[in-house]
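Reader: Before we discuss any label, please show me the sequence and the model, and then take the terms one at a time.

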Amino acid sequence: MRPLLLLLALAASSSAQTVDPTPAPVEIVNLEQHLWTTMAEGDFATVRNLFAKDFLEVDDHIQAVDALLINLKHCKLESYELRDLQVRILSPDAALTAYHAVNTFNCGTEDKPQRKSYDNNSTTVWVRQHGTSKWLVQAHTETPVKS
């Protein structure tokens, strides 16, 4: 009876310690594309849930997720194109995307649009949340492309 209990205990502990496999690069590409699509659709609740609580964005200033969401509500993402998207798997729970982003925001109204176009090289760090299969954006950078 004891060997059977020992076997059951070992089986339970090894199954509890299973680790999610290293993601395929296409999974991370899909996450990045989903993020941009959701921002363009203006689904701010979903957008918020794609970012880690301690997210940082670095471009011409450093901001947290709340400031990013305020900007997205004020300036609607109208169009975007992600070019040359590359993925680097940093660990089973961390990945980085690098790409050229061309996008247009409307910071005005329907009556008086104020469009702003951007041409940036960007990186995003995705981190799988401990003990889950959920991936969140930890950091994002944007660097203007020089003409």
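Author: In this structure the side chain of Thr-97 makes a polar contact with the side chain of Glu-32, at 2.8 Å. The model is a predicted one, in which local features need pLDDT of at least 70 and side-chain atom pairs count only at pLDDT 80 or more, whereas totals for chains, interfaces and linings use all residues. Residues are numbered from 1 along each chain as its sequence is written, and side-chain values use heavy atoms, with hydrogens and water left out.

Reader: What makes the approach of Thr-97 to Glu-32 a polar contact?

Author: The term asks for a pair of N or O atoms within 3.5 Å, where within protein one must be able to donate a hydrogen and the other to accept it, and where residues adjacent in sequence count only if both atoms are side-chain atoms. The side chains of Thr-97 and Glu-32 are listed as such a pair at 2.8 Å, so the distance satisfies the limit of 3.5 Å.

Reader: Why is Thr-97 called buried?

Author: Buried means under 20% relative accessible area, exposed means over 50%, and partly exposed lies in between, with a 1.4 Å probe and protein chains only. Thr-97, whose place is in strand E4, has a relative accessible area of 0% and is therefore buried. Not counting residues up to four places away in sequence, Thr-97 touches several residues, among them Ile-28, Glu-32, Val-87 and Trp-126, contact being defined as heavy atoms within 4.5 Å.

Reader: How do you know on which side of the cut-off Asn-106 falls, buried or exposed?

Author: Asn-106 has a relative accessible area of 10% and so counts as buried. Asn-106 is also found in strand E4, which covers residues 94-106; strands (E, at least two residues) and helices (H or I, at least four) are DSSP runs, numbered from the N terminus. The side chain of Asn-106 makes a polar contact with the side chain of Glu-78 at 3.3 Å, and a polar atom of the Asn-106 side chain lies 2.8 Å from the backbone nitrogen of Gly-108.

Reader: What makes Asp-84 stand out, and why is this residue called exposed?

Author: Phi of Asp-84 is near 50°, a positive value in a residue other than glycine. Most residues other than glycine have a negative phi. Asp-84, found in strand E3 (residues 76-91), has a relative accessible area of 61% and is therefore exposed.

Reader: Why is Leu-56 called partly exposed, and to which patch does it belong?

Author: Leu-56, in strand E1 (residues 51-58), has 41% relative accessibility and so counts as partly exposed. Together with Val-58 and Ile-62, Leu-56 forms a nonpolar patch on the surface, with about 260 Å² of accessible area in all.

Reader: Why is the pair of Phe-51 and Phe-55 called edge-to-face?

Author: The structure holds four aromatic pairs. One of them joins Phe-51 and Phe-55, at 4.6 Å centre to centre and with 70° between the planes. Rings of Phe, Tyr and Trp (its six-membered ring) pair if their centres lie within 6.5 Å, and planes under 30 degrees apart count as stacked, over 60 as edge-to-face and the rest as tilted; the values for Phe-51 and Phe-55 therefore meet both the pairing limit and the edge-to-face criterion. Both Phe-51 and Phe-55 are buried, while ring pairs also link Trp-36, Tyr-80 and Tyr-99 into a cluster.

Methods
Patch = residues over 30% accessible without salt bridge, like charges linked within 9 Å, V, L, I, M, F, W, Y side chains within 5 Å. Areas by Shrake-Rupley, 256 points an atom, 1.4 Å probe, with all protein chains shown as cover. Salt bridge = Lys/Arg side-chain N within 4 Å of Asp/Glu carboxyl O.
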